[in-house]
Structures are given as C-alpha cells and as structure tokens.
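User: I'd like to go through this model with you, one question at a time. Could you show it to me before we begin?

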Amino acid sequence: MDPVRTCVGCRARASRSALLRVIVTDSRLVVDELGSMPGRGAWVHPVRTCVELALQRRAFVRALRVSGPLDTQTLEERLNSYGNQVNGSK
C-alpha cells in the first residue's frame with residue numbers, strides 16, 4: 001500500500017509515487033528525486049498546470065514555511081525534462 005499525499009497545486013489526493021516531492025534549498029525549489037532529502041517537503045503532480053496553480057496560490061511558500069520569493073527555475077527545468085521523457089522526445 002502506497003502512502004497518500006495531497007498535491008499543493010490542485011489539492012487532489014494521490015499516491016506518493018504519482019507526485020513529485022519538492023524542497024527548498026537556498027531559496028530555490030528543488031525536486032527531491034528519491035524522496036529522502038532532509039527538510040520539509042511539498043508534493044505536486046508532475047504537470048505544468050498543478051505547478052502553475054501552486055505558484056499562483058503561493059502554496060509552495062505556505063507548505064514549505066519559508067518567506068520571500070522562491071527561484072522556480074530548477075523545478076521548471078525538471079518539468080520540461082519530465083514532459084520530454086513521457087512524450088518520448090529528446
């Protein structure tokens with residue numbers, strides 16, 4: 001049985017394996033590939049709509065309990081590469 005988490009973007013519940021864990025390091029959002037990095041984490045579906053909703057609602061800031069703006073470049077690069085792997089393109 002896989003643990004259930006809530007996506008900070010769409011607020012839907014899903015299994016842990018269907019979501020990406022995101023942590024903050026030096027004011028940057030970083031995807032925790034193995035789910036074992038230290039610190040507070042937020043869970044989001046690996047789709048652009050959920051990430052955009054989370055950013056729009058400032059859900060990452062709230063879930064990760066940080067203040068100030070966050071650099072989302074690393075997260076967006078990861079989403080772009082994830083989309084390419086799913087679609088089969090390079």
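User: Which residue in β5 is the bridge partner of arginine 21?

Analyst: Happy to start there, keeping in mind that this is a predicted model. Strands β3 and β5 run antiparallel and are joined by three bridges. Valine 22 stands opposite alanine 42 in β5. For arginine 21, the bridge partner in β5 is tryptophan 43.

User: And on the β4 side, which residue stands opposite arginine 21?

Analyst: Strands β3 and β4 also run antiparallel, with five bridges joining them. In the hairpin of β3 and β4 there are two residues between the strands, and aspartate 26 takes a positive phi near 50°. The residue that stands opposite arginine 21 in β4 is aspartate 32.

User: How far apart are the closest N and O atoms of arginine 21 and aspartate 32?

Analyst: Side chains of opposite charge can pair when their charged atoms come close. Here the pair links arginine 21 in strand β3 (residues 20–25) to aspartate 32 in strand β4 (residues 28–32), 11 residues apart. Both arginine 21 and aspartate 32 are buried. They form a salt bridge, and the closest N and O atoms lie 2.4 Å apart.

User: How many salt bridges does the structure hold?

Analyst: Besides the pair of arginine 21 and aspartate 32, the side chains of glutamate 33 and arginine 78 meet in a salt bridge, 2.7 Å from N to O. Glutamate 33 lies in the loop between β4 and β5 (42–44) and arginine 78 in helix α3 (residues 73–87), so this pair ties together parts that are 45 residues apart in sequence. For the whole structure, the number of salt bridges is two.

User: Of glutamate 33 and arginine 78, which is buried and which is exposed?

Analyst: Nice one to check against the cut-offs: buried means under 20% relative accessible area, and exposed means over 50%. Arginine 78 has a relative accessible area of 17%, so arginine 78 is buried. Glutamate 33 has 53%, so the exposed residue is glutamate 33.

User: Which strands stand at the edges of the sheet?

Analyst: The three strands form an open sheet with antiparallel pairing, in the order β4-β3-β5. Two of these strands each have a single partner strand, so one side of each is left without a neighbour in the sheet. From one strand to the next, the twist averages 40°. The strands at the edges are β4 and β5.

User: What arc do the buried residues of helix α1 cover around the axis?

Analyst: Helix α1 (residues 48–56) has Cys50, Val51 and Ala54 as its buried residues. Their arc puts them on the same side of α1. On the other side of α1, Thr49 and Gln56 are exposed. The arc that the buried residues cover is only 100°.

User: Which residue with a positive phi follows α1?

Analyst: Its phi is near 55°, and the residue is arginine 58.

User: Why is cysteine 50 not bonded to the closest cysteine sulfur?

Analyst: A disulfide is a covalent bond between the sulfur atoms of two cysteines. The cut-off for a disulfide is a pair of sulfur atoms within 2.5 Å. Cysteine 50 counts as buried, at 6% relative accessibility. The closest cysteine sulfur is that of cysteine 10, and it is too far for a bond because the distance is 3.8 Å.

User: How many disulfides does a search of the whole structure find?

Analyst: Cysteine 7 is in no disulfide either: the nearest cysteine sulfur, that of cysteine 10, is 3.8 Å away. Cysteine 7 counts as buried, at 0% relative accessibility. Across the whole structure, the number of disulfides found is zero.

User: How far apart in space are leucine 75 and valine 51, C-alpha to C-alpha?

Analyst: Leucine 75 is found in helix α3 and counts as buried, at 0% relative accessibility. Not counting residues up to four places away in sequence, leucine 75 touches Val22, Leu29, Val31, Val51 and Phe60. In sequence, leucine 75 and valine 51 are 24 residues apart, while in space the C-alpha to C-alpha distance is 8.8 Å.

User: Last one: which residues is threonine 72 in contact with, leaving aside its neighbours within four places in sequence?

Analyst: Threonine 72 sits in the loop between α2 (59–64) and α3. At 16% relative accessibility, threonine 72 counts as buried. With those sequence neighbours left aside, its contacts are Leu29 and Leu55.

Note on methods: Residues are numbered from 1 along each chain as its sequence is written. This is a predicted model: local features need pLDDT of at least 70, side-chain atom pairs count only at pLDDT 80 or more; totals for chains, interfaces and linings use all residues. Side-chain values use heavy atoms; hydrogens and water are left out. A salt bridge is a side-chain nitrogen of Lys or Arg within 4 Å of a carboxyl oxygen of Asp or Glu. Helices (H or I, at least four residues) and strands (E, at least two) are DSSP runs, numbered from the N terminus. Buried means under 20% relative accessible area, exposed over 50%, partly exposed in between (1.4 Å probe, protein chains only). The arc is that of the directions from the helix axis to the C-beta atoms. Two strands pair if DSSP finds at least two bridges between them. Axes are lines fitted to C-alpha atoms, for helices over the stretch in contact, and angles run from 0 to 180 degrees between N-to-C directions. Contact means heavy atoms within 4.5 Å.
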